[in-house]
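Reader: I am in my first year and would like a close look at a single part of this model. Please take one helix and explain what surrounds it and what its side chains do with one another.

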Amino acid sequence: MPIVTVQQGPRTPELKRDLVRRLTDAFVDAYQIPADAVQVWIHEVPADSWGQAGVLTADK
């Protein structure tokens, strides 16, 4: 059973639904497995808890 982990900033429930559907479809197609075998975990990180190039994302 594949477990897909996505780490990202907060997104709307609609965008997350679409992402989960597309990722699931990709695994179903690539691995020829049933959709219920695919798990997608979305870990949302607040903008004040990650940074890039020495700057917090919240400060950009």
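Author: What follows is a description of helix α1, beginning with its place in the chain and going on to its side-chain pairs.

This is a predicted model, in which local features need pLDDT of at least 70 and side-chain atom pairs count only at pLDDT 80 or more, while totals for chains, interfaces and linings use all residues. Residues are numbered from 1 along each chain as its sequence is written, and side-chain values use heavy atoms, with hydrogens and water left out.

First, the setting. Helices (H or I, at least four residues) and strands (E, at least two) are DSSP runs, numbered from the N terminus. Strand β1 covers residues 3-8 and strand β2 covers residues 39-44; the two pair in the parallel sense, with 6 bridges between them. Two strands are said to pair if DSSP finds at least two bridges between them. Within this pairing, Q7 has H43 of β2 as its bridge partner. Helix α1, residues 13-31, lies on the path of the chain from β1 to β2, and the resulting β-α-β crossover is right-handed. Right-handed here means that, with the strands pointing away from the viewer, the path from the first strand over the helix to the second runs clockwise.

Next, the charged side chains. A salt bridge is a side-chain nitrogen of Lys or Arg within 4 Å of a carboxyl oxygen of Asp or Glu. The whole structure has 4 of them. One joins K16 to E44, with 3.2 Å between the closest N and O atoms. This pair links distant parts of the chain, since K16 is in helix α1 and E44 is in strand β2, 28 residues apart. K16 has a relative accessibility of 22% and so counts as partly exposed; E44, at 29%, is also partly exposed. The cut-offs are these: buried means under 20% relative accessible area, exposed over 50%, and partly exposed in between (1.4 Å probe, protein chains only).

Two further salt bridges share R21. D18 meets R21 at 2.6 Å, N to O, and D25 meets R21 at 3.6 Å, N to O. D18 and R21 are 3 residues apart in helix α1, about one turn of the helix. D25 and R21, both in helix α1, are 4 residues apart, again about one turn. The side chains of D18 and R21 are also joined by a polar contact of 2.6 Å (a pair of N or O atoms within 3.5 Å; within protein, one must be able to donate a hydrogen and the other to accept it, and residues adjacent in sequence count only if both atoms are side-chain atoms). Salt bridges link D18, R21, R22 and D25 in a network. As for exposure, D18 is partly exposed at 26%, R21 is partly exposed at 43%, and D25 is partly exposed at 36%.

Last, the rings. Rings of Phe, Tyr and Trp (its six-membered ring) pair if their centres lie within 6.5 Å; planes under 30 degrees apart count as stacked, over 60 as edge-to-face and the rest as tilted. The whole structure has 1 aromatic pair. The ring centres of F27 and Y31 are 5.4 Å apart and the planes are at 85 degrees, so this pair is edge-to-face. Because F27 and Y31 are 4 residues apart in helix α1, about one helical turn separates them. F27 is partly exposed, at 21% relative accessible area, whereas Y31, at 53%, counts as exposed.
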